[in-house]
Structure formats: C-alpha cells, structure tokens
Protein chains: 2
Amino acid sequence: MRKRLVVIGAGPAGLPVASQVRKETDQFDIDVITDRQYFSYSPCGIPFVISGMIKSFDNLIMRGKKHYEDMDIFVHTNTLAESIDTDKQIVNTNRGSFPYDVLVIATGVKPFVPPIRGVDLKGVYFMYSLEEAIELERGLKDSNTVTIVGAGAIGLEMAYAFRKRHKDVIVIERSPHIMGSILDPDMSSIVEDYLLSSGITIIKDTEVTAFESENGKVSAVITSKGKIKTDMVLMSIGVRPNVELAAEAGIERGVTGGLVTDSSLRVRKNGRFMSNIYACGNCIEVIGGVTFRPTLSGLGSTAVRQALTVAENILGTNTVFNPIVSPGVSIIGDLEIGAVGVNSKRAIENGIIPKESIAKGLTRARYFPKGEIITVKILVDKNYRLIGSQIISKEGVKGRIDSLSFMISRGVTAHQLALIETSYVPPVSSVIDPITIAARKLIGITRDKFTMPESMDNST
Amino acid sequence: MRKRLVVIGAGPAGLPVASQVRKETDQFDIDVITDRQYFSYSPCGIPFVISGMIKSFDNLIMRGKKHYEDMDIFVHTNTLAESIDTDKQIVNTNRGSFPYDVLVIATGVKPFVPPIRGVDLKGVYFMYSLEEAIELERGLKDSNTVTIVGAGAIGLEMAYAFRKRHKDVIVIERSPHIMGSILDPDMSSIVEDYLLSSGITIIKDTEVTAFESENGKVSAVITSKGKIKTDMVLMSIGVRPNVELAAEAGIERGVTGGLVTDSSLRVRKNGRFMSNIYACGNCIEVIGGVTFRPTLSGLGSTAVRQALTVAENILGTNTVFNPIVSPGVSIIGDLEIGAVGVNSKRAIENGIIPKESIAKGLTRARYFPKGEIITVKILVDKNYRLIGSQIISKEGVKGRIDSLSFMISRGVTAHQLALIETSYVPPVSSVIDPITIAARKLIGITRDKFTMPESMDNST
C-alpha cells in the first residue's frame with residue numbers, strides 16, 4: 001500500500017518537495033495543502049510586474065492544478081490547516097482531514113504587523129503573496145503618493161517599481177541607513193544616492209507612530225519627524241516565521257522564532273527529533289555558516305535547496321542541510337546589489353570584530369564601451385577568514401557573489417582570495433578582479449585605498 | 001647606491017613588474033627594454049578594434065614613455081636585447097649595454113611559423129602585436145576574402161571581426177573540431193553553429209600545404225581538400241615561448257619549451273636556480289593545477305599575476321606562484337565562451353579518464369525578458385574531483401568560470417559543488433544554477449539528461 005505524504009504549504013519549499021519525491025517514486029500518495037488561491041508562482045517577480053517590466057502577474061504563474069494532477073500530486077487550494085495531531089498523524093483543515101505517514105511543514109512566513117494605530121486601514125498594504133500584490137496593484141491605480149515603511153531590499157525594489165509608474169514615492173526607515181540588515185553604511189550610501197537620483201524621497205531615522213484616515217482610507221503617516229500625506233502605504237518591515245500551527249502541535253521553535261530541525265530537517269517535539277515530520281523553507285531556523293549560530297533565511301533559493309534535502313531524506317538517502325551564508329542579489333532599477341555572509345553590524349552582534357576593505361574597479365576593460373563601476377567590500381575576521389562581502393554595480397554582481405558564497409562557506413582566507421585566478425576578456429572584466437584588489441588591500445600587499453594599482457589596470 | 005633592475009619585455013608581464021616595484025621602493029634604477037615600438041596596450045582588445053566595436057588602436061594604448069619617466073621608470077623602445085651575460089650581469093642590446101643587479105625576462109611569445117611554401121608572401125599575416133595588427137588593418141582595406149588558418153579562440157575572434165567588416169571569411173582548421181584546445185566537441189559545436197549562422201565558412205579536417213601568389217601577393221590557399229582563392233591570410237595556429245635570448249645565455253627551458261622557474265619564478269642555469277634573474281609571462285612554463293605537470297599559459301591575466309609575484313619577490317617577500325587552472329573567456333560576436341581546467345582531450349593525454357555532464361539552463365527567470373540559454377559542462381576525475389568546465393552563453397559566463405576556477409584549484413568535488421549556495425534574482429539568474437544541476441547529474445541525484453528538473457525551475 002502507498003504511504004501518504006502531506007505537505008502543508010505550496011510555496012518555493014512545499015511544491016518542490018512534492019514534485020521531487022514524485023519524480024523518484026510512486027510509493028506515496030501526495031497531497032499539498034495551501035490556504036491560498038495562487039501557487040506555483042514567483043514571488044520574487046512581483047516588483048517587476050508592478051514596475052511594468054513584466055507584463056502581467058499571470059507571467060509569474062508556472063503551473064496549475066492540472067499539471068500536478070497529471071503528476072499524481074493533489075494541490076488543495078483555499079484549504080486552511082487548522083491543527084496537526086502528531087499522535088494520530090492527521091492534519092485537520094477547514095475542508096476535512098488529511099492522514100499522513102510523512103508530513104512536511106512548509107508554511108513560510110507572514111509579514112510583521114506592528115501594533116500602531118491605523119495599521120488595519122484601507123490603503124495600508126502588507127505585500128507578501130500574489131493575492132496581496134494583486135490587491136495592491138488595484139489600489140495603485142487611484143494613488144499618486146505612495147509611502148513605503150521600511151527600507152529593506154523588498155521595500156526598495158517596490159519603491160523603484162512605484163517610481164517607474166510615475167508615483168511620488170516616499171520611503172520611511174527607522175534606522176540611520178537603508179538596507180541595514182545586509183549592507184554596511186558605506187555601501188548602502190551608493191544605493192541611497194541612486195534612489196535619490198531616481199526621484200525617490202528617503203526619510204531615515206524616523207519612526208512611524210500612526211496612520212490617519214479620510215473617508216475610511218489611509219490619508220497620512222504620522223512619524224516621529226512629522227506628518228506625511230499619502231494615498232497609499234506599503235508596509236515592508238520584515239516577516240516572521242509562520243509557525244503557530246506547528247507550535248500548537250507541540251513542535252518546537254528556536255531562539256529565532258523559526259522551527260528547530262536536525263541537520264536532516266526533521267522537526268523536534270518534546271526534545272526529540274521526529275522521524276516522520278520534516279520542515280523546510282523560511283519557517284525554519286537554520287545555522288549561519290559564518291557565526292555557526294541559529295538564524296533565519298528569507299531567501300527563496302534557500303527554501304528550494306531545503307526542499308531538495310527534505311525530498312532526498314524522504315526518499316531514504318541521508319542528506320544533510322549545511323550551514324548557510326545566504327548569497328543574495330537585489331535589483332533596483334539597473335543597480336545590482338549583492339551581499340553574502342554577514343555585514344559589519346551582524347558580525348559585531350555575533351562577537352566577531354571585522355576587518356574590512358573596499359575596492360572599486362570597472363566591469364569591462366577601460367577602453368571598452370559601457371563599462372560600469374563596481375564596488376566590492378569584503379570582511380574578514382581576526383584570522384582573515386572571509387565572513388562577508390557586499391558588491392554593487394550595474395552588472396557582474398551575481399557571479400562574484402556566488403564565488404564568494406562558496407569561499408565563505410569553505411572558510412577561505414583573504415590570503416587565499418588574493419591568489420585567485422579569474423578570467424579576463426575586455427568586454428566583461430578587468431585583468432585583476434576588484435575582489436582580488438580588495439583582498440590584497442586587506443592583507444597589506446596593495447596599499448592605496450580606493451583605486452586600482454596602476455599596474456593592475458586593463459593593460460592586457 | 002641604488003640597485004639596477006632591468007626588465008626585458010614591455011608587455012603584460014614586464015611593465016607591471018617595473019611599476020609594482022617602483023610603487024613600493026625607490027631603491028632601484030628601473031629600465032625596461034623592448035624591441036617593439038608600442039607598449040602599454042591591450043593585445044586582447046585588438047579583435048574589437050578590427051571589428052569596429054572599439055574606434056581605434058589608439059584606444060588600446062594606456063600610457064606613454066612620459067608617464068613611466070614620471071614614475072622614474074625608463075622604457076627603451078626599438079631596443080633589441082641581443083645577449084645576456086649572466087656572469088658580468090649585463091644585457092647587451094643594439095643600443096648599448098644595460099648592467100643589472102636584478103634581471104627580469106618577460107619576452108612573451110612569438111607566432112609559430114609553419115614551414116610551408118609561400119608563408120612569407122605579402123598578404124599573409126601573423127598577428128601577435130599592435131604593429132602587426134596595424135599592418136593587417138591596412139591590408140584589410142583591399143581585401144574581400146579573408147582566410148584564417150587555425151580555429152582557436154583568437155582566430156575565431158578575428159574571423160568574427162572580419163565578418164563584421166563585411167568580408168567573406170573562411171576558416172581552415174586541421175582538426176575535426178574548432179577550439180579543440182579548450183572545448184570538447186559537444187561544446188565547440190555550439191560555437192560552430194553560431195559562426196555558421198553569422199555567415200562564416202568553416203573548413204575542418206583540412207591541412208594547409210602552400211600559398212599561391214599573384215603579383216607578389218597571396219592569392220590562394222592550397223589545402224589537402226583543394227584550392228581556396230583568397231585576398232588575405234591570417235595565420236593563427238599558435239605561439240611558442242620567445243626564449244632564444246635566454247636559452248643562449250644558458251638559462252634552461254623545460255619540456256614545453258618555456259623557461260623553467262622555481263615557485264618564486266627565478267630561472268635555472270646549470271641546474272641551479274639563480275637568485276637575481278626572474279622570468280614571468282607567457283615565456284615561462286607553469287604547473288597545471290589539474291595535472292600538476294608543466295604546461296604553458298597563453299593568458300595575459302596569468303602574465304600579470306606572475307608579474308605581481310616577481311615584484312613581491314624582488315621586494316623581498318617570499319611569494320609563491322601557485323599552479324594554474326587558466327580560467328578564460330572568449331567573446332565571439334555576442335557569444336561568451338568560457339573554459340577552465342582541462343577539457344576531455346587534455347585530461348586523457350594526462351592519464352585522467354574524465355566523467356562529464358552537461359546541463360542547460362536559462363540566465364534569467366523563465367518569465368523574464370531576454371534570458372539566454374546557458375550550457376554548462378563539468379568534468380571530474382574518477383574521485384569526482386573537478387578537473388574542468390566549459391560554459392557557453394550570451395551572458396553570465398565570466399562569474400561562473402571564475403567560481404569554478406577557484407573550486408578546481410582547491411580540489412573541490414562534484415558532491416561539494418552540488419551543495420553550493422548561489423544567489424537568485426529573476427533578472428540575472430535561475431533558482432538552482434545550471435552548474436549545480438550539472439553537478440547533481442554527475443553524482444546521480446538528478447537524472448534527466450538535458451533539462452532542468454521541474455522542481456528546480458524558476459518558481460521563486
């Protein structure tokens with residue numbers, strides 16, 4: 001008889017578990033439960049639909065129920081999991097009960113809703129799924145001024161998208177720097193300059209204390225620095241693991257609020273890891289590859305990799321999910337902003353006093369058309385172990401961040417980084433990569449502060 | 001009293017030695033000797049001037065004598081080093097003698113001239129420096145049909161450049177595949193298809209046996225497959241280390257024909273490494289990081305890195321030049337062709353039986369405009385150690401080749417590669433990188449041959 005695999009959540013973590021398991025075996029009934037209407041779509045693509053670069057939200061949707069039914073996978077939409085009975089091995093939902101032999105919890109995140117007056121007003125949006133994005137798009141049509149609360153990567157991607165739609169855009173950030181969770185101030189100032197030159201207003205060091213309404217709809221944001229008239233608000237102040245369902249079933253959360261798992265991604269209850277319940281995606285806590293302490297990941301790519309690990313473990317291989325260094329790239333307008341590992345703030349919070357260096361270079365040979373300035377920052381610990389990097393340019397960021405991702409995860413030092421062999425061809429690189437220059441500065445071979453040593457320019 | 005540093009050669013190896021040493025100390029007189037007129041220019045940029053993408057050869061020239069004189073470095077052009085007396089420590093040239101305390105040999109390469117009839121005819125070019133490129137450009141104006149002998153990277157970059165200038169272009173290659181020194185046949189066929197669609201004729205498996213002339217100028221290429229009328233010929237069948245000067249001074253060559261050095265890049269004479277003579281650039285032999293056997297590098301980027309090593313050693317640090325894996329990218333039209341490590345042929349020649357896998361992916365999320373197909377091949381040895389990679393796409397090749405360069409040089413395995421964390425953002429990547437897919441195929445986690453597993457597509 002077939003075993004029953006039930007997956008709660010049909011996002012970037014849940015669906016790949018289902019389809020990877022199915023690709024390898026027909027020994028499971030597979031049911032995927034989601035309380036949402038839409039599934040199998042790209043949330044990361046939403047800002048690009050809002051900006052008009054992608055034509056329609058429909059473009060973001062990959063596959064429908066029929067596709068999964070053809071694979072013998074049943075996706076149950078608008079189905080809210082209400083409780084998990086880990087003894088009887090049943091998930092109870094508003095549409096009946098799902099018994100399971102193996103359960104996967106992939107419930108993702110939910111937006112943080114701050115307890116401030118007016119946060120539930122019409123015109124105040126919390127965008128974290130396609131349903132909300134569609135609502136927001138409707139609201140946008142009647143709005144001239146859009147206020148974004150929170151200057152993280154997603155808030156700023158959206159700010160730029162609104163600006164592309166010719167809105168007056170105001171971003172309010174509590175801390176003195178934008179993108180403070182991934183960038184150091186010297187790097188975030190590059191992004192800030194770019195946003196300002198795009199006509200976006202950024203108000204930092206400012207707390208939002210309430211929203212005012214007119215005719216039942218938001219009309220102003222009250223802040224520690226005064227009142228701002230607005231037609232619409234997008235709250236983008238972070239997310240929290242969506243783990244109440246699991247917690248009510250006795251599944252343990254860690255210090256971060258995410259579900260605790262073992263290295264095979266099995267959850268823990270009453271101090272013991274459960275052999276038949278896995279969790280993956282942004283609802284779990286993971287081990288940071290720099291600090292070796294629990295942390296949360298907000299990356300879809302991490303969720304997918306966890307899903308593959310869970311699928312392999314369900315299939316009977318013993319696969320470990322390694323500590324993460326979270327390489328990520330955000331694209332705001334034509335600026336690519338990459339980060340991996342920890343930034344200075346995060347390092348210090350974790351007891352690591354970073355040494356750091358910045359190098360600027362060009363993405364193409366000096367004489368080649370359309371070369372862009374690229375700024376590379378690298379951080380090391382006292383023993384020169386790489387702990388983080390931040391890179392900003394209009395091209396060429398992804399490949400470098402991915403290289404550094406691997407190096408950070410392998411404990412490579414700045415001395416080793418200074419010796420890397422990189423490729424050179426005039427249209428896409430310079431002879432000595434700015435990463436190498438940054439490493440050479442850190443270890444003291446290259447002295448000058450912000451420019452390439454002359455003998456390292458594009459003389460080849 | 002100042003010591004005397006003499007550098008023979010003013011290319012990508014010689015000049016950086018001079019300027020790096022000068023940046024750190026004024027304890028040396030520095031003289032750079034070159035038999036050429038032009039120096040401090042980018043040879044890699046030549047095809048892009050020929051194609052018209054770069055306006056003029058002048059754009060390739062970085063700096064003149066004055067710049068170096070201001071740095072207290074004297075560049076002696078049109079000065080042919082005729083002999084080195086290692087006992088008296090003197091370099092004799094056609095313009096007088098240069099005594100040295102420290103000598104650097106950076107004489108680069110010279111084109112291989114095959115012993116075939118008519119190879120010295122007018123209209124037959126061997127392009128390996130700016131002087132020759134300028135000559136060739138002059139010859140091009142009166143030519144309609146251009147024949148290139150040799151389908152290596154440079155020959156094909158030039159073929160494409162000629163085609164851009166609306167010439168009829170014929171490429172003749174001796175072996176059954178183009179770019180055979182870096183690509184496997186399954187990868188080179190992608191390049192070949194692209195060249196054919198650009199209107200370039202490629203004749204493979206064909207030996208050139210002679211050139212015919214008319215009015216004292218080349219008029220036809222005689223091949224093993226017949227006669228081809230042509231107005232001009234570019235010979236691009238490889239280069240040899242330019243080491244006669246050093247060899248006549250008793251400095252030893254290795255099995256490859258390049259100068260032998262120790263790991264500090266000091267040359268050897270009478271079986272002993274010399275404390276005051278270094279060599280760097282493409283005239284030396286280096287150790288391959290996959291085979292750990294002597295090999296030659298044709299890369300300017302390697303030459304520059306060697307120059308930095310020599311400069312540091314002259315300055316008194318003890319710096320080692322590591323084995324190389326030679327990451328390189330060629331750009332032909334809008335095709336980026338990257339390779340690193342060894343290809344199958346080179347592996348087998350060195351006693352390594354490769355296992356290999358190919359994955360195709362997209363450079364952007366599926367719904368994102370202008371995404372390009374990217375083809376990634378990776379090769380491992382019996383123990384799954386990465387030994388080489390070949391990547392072809394219209395974008396995103398450099399970063400991936402550079403990542404793999406580091407991994408190959410560090411002995412990373414396919415199993416480790418399958419676990420790498422890469423960044424994801426719709427405009428420049430897919431959730432699971434094709435490199436990861438290729439690694440997963442190699443180790444048997446991902447089964448299907450040429451497509452991405454469905455759960456790994458851009459569903460985020």
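1. In the predicted model shown above, B:Val146 has B:Val169 of strand E11(B) as its bridge partner. The pair belongs to a parallel arrangement: E10(B) (residues 145–149) and E11(B) (residues 168–172) are joined over five bridges. To get from E10(B) to E11(B), the chain passes through helix H5 of chain B (residues 153–164), and the resulting β-α-β crossover is right-handed.

2. E10(B) also pairs with strand E16(B), again in the parallel sense, over four bridges. In this pairing B:Val149 stands opposite B:Met235 of E16(B). Four of the five residues of E10(B) are buried, so the strand is largely enclosed by the rest of the structure.

3. E16(B) comes up again in the surroundings of helix H4(B). Buried residues in H4(B), which spans residues 130–140, are B:Leu130, B:Ala133 and B:Leu136. They lie on the same side of H4(B) because the arc they cover around the axis is only 115 degrees. The spacing fits a general rule: an α-helix has 3.6 residues a turn, so residues three or four places apart point the same way.

4. What do the buried residues of H4(B) pack against? Their partners in chain B are helix H2 (46–50), strand E9 (124–126) and strand E16 (232–235). On the face of H4(B) turned away from the buried side are B:Glu131 and B:Arg138, both exposed.

5. A separate part of chain B is an open sheet of five strands in the order E22-E23-E26-E25-E24, with antiparallel pairing. Its edge strands, each pairing on one side only, are E22 and E24 (355–362). On average, neighbouring strands in this sheet are turned by 15 degrees against each other, direction ignored.

6. Within that sheet, E25(B) (residues 373–380) and E26(B) (residues 386–393) run antiparallel and are joined by six bridges. One detail of the register is that B:Val376 has B:Ile391 in E26(B) as its bridge partner. Helix H10(B) lies across E22, E23 and E26 of chain B, and runs at about 180 degrees to E26(B).

7. Now to the contact between the chains. How many residues of chain B are in contact with chain A? There are 65, and they touch 65 residues of chain A. On the chain B side, at least two residues each come from helix H1 (14–24), helix H8 (300–314), strand E22 (328–332), strand E23 (335–341) and helix H10 (397–409). H10(B) gives the largest share, 10 residues. By class, the side of chain B that touches chain A has 32 nonpolar, 24 polar and nine charged residues. H10(B) thus appears both in this interface and across the strands described in the previous point.

8. Two serines of chain A can be taken together. A:Ser297 sits in the loop between strand E21 (294–296) and helix H8 (300–314) of chain A. A:Ser326 is in the loop between H8 and strand E22 (328–332) of chain A. Is A:Ser297 buried or exposed? A:Ser297 counts as buried because it has 21 C-beta neighbours inside 10 Å, where 20 or more is the cut-off. A:Ser326 is buried as well, with 25 other C-beta atoms within 10 Å.

9. Apart from neighbours within four places in sequence, A:Ser297 is in contact with A:Asn282, A:Val286, A:Thr302, A:Ile324 and A:Ser326. A:Ile324 is 27 residues from A:Ser297 in sequence, with 8.5 Å between their C-alpha atoms. The backbone at A:Ser326 deserves a look: phi is positive, about 55 degrees, although the residue is not a glycine.

10. B:Asp72 is another residue other than glycine with a positive phi, here near 65 degrees. B:Asp72 lies in the loop between helix H3 (65–70) and strand E3 (73–76) of chain B. With 13 other C-beta atoms within 10 Å, B:Asp72 is partly exposed.

11. Lastly, A:Val6 is in strand E1 of chain A (residues 3–8). A:Val6 counts as buried because it has 26 C-beta neighbours inside 10 Å. Leaving out neighbours within four places in sequence, its contacts are A:Asp31, A:Ile33, A:Val91, A:Phe98, A:Tyr100 and A:Leu103. A:Ile277 is 271 residues from A:Val6 along the chain, and their C-alpha atoms are separated by 9.7 Å.

Notes
Residues numbered from 1 in each chain as written. Chains lettered and ligands numbered in written order. Predicted model: local features only at pLDDT ≥ 70, side-chain atom pairs only at ≥ 80, totals over all residues. Buried ≥ 20, exposed ≤ 12 C-beta atoms within 10 Å, placed from the backbone. Arc of directions from axis to C-beta. Contact = placed C-beta atoms within 7 Å. Nonpolar A, V, L, I, M, F, W, Y, C, P; charged D, E, K, R; others polar. Pairing = 2+ DSSP bridges. Right-handed = clockwise from strand over helix to strand, strands pointing away. Axes fitted to C-alpha atoms, helices over the stretch in contact; angles between N-to-C directions.
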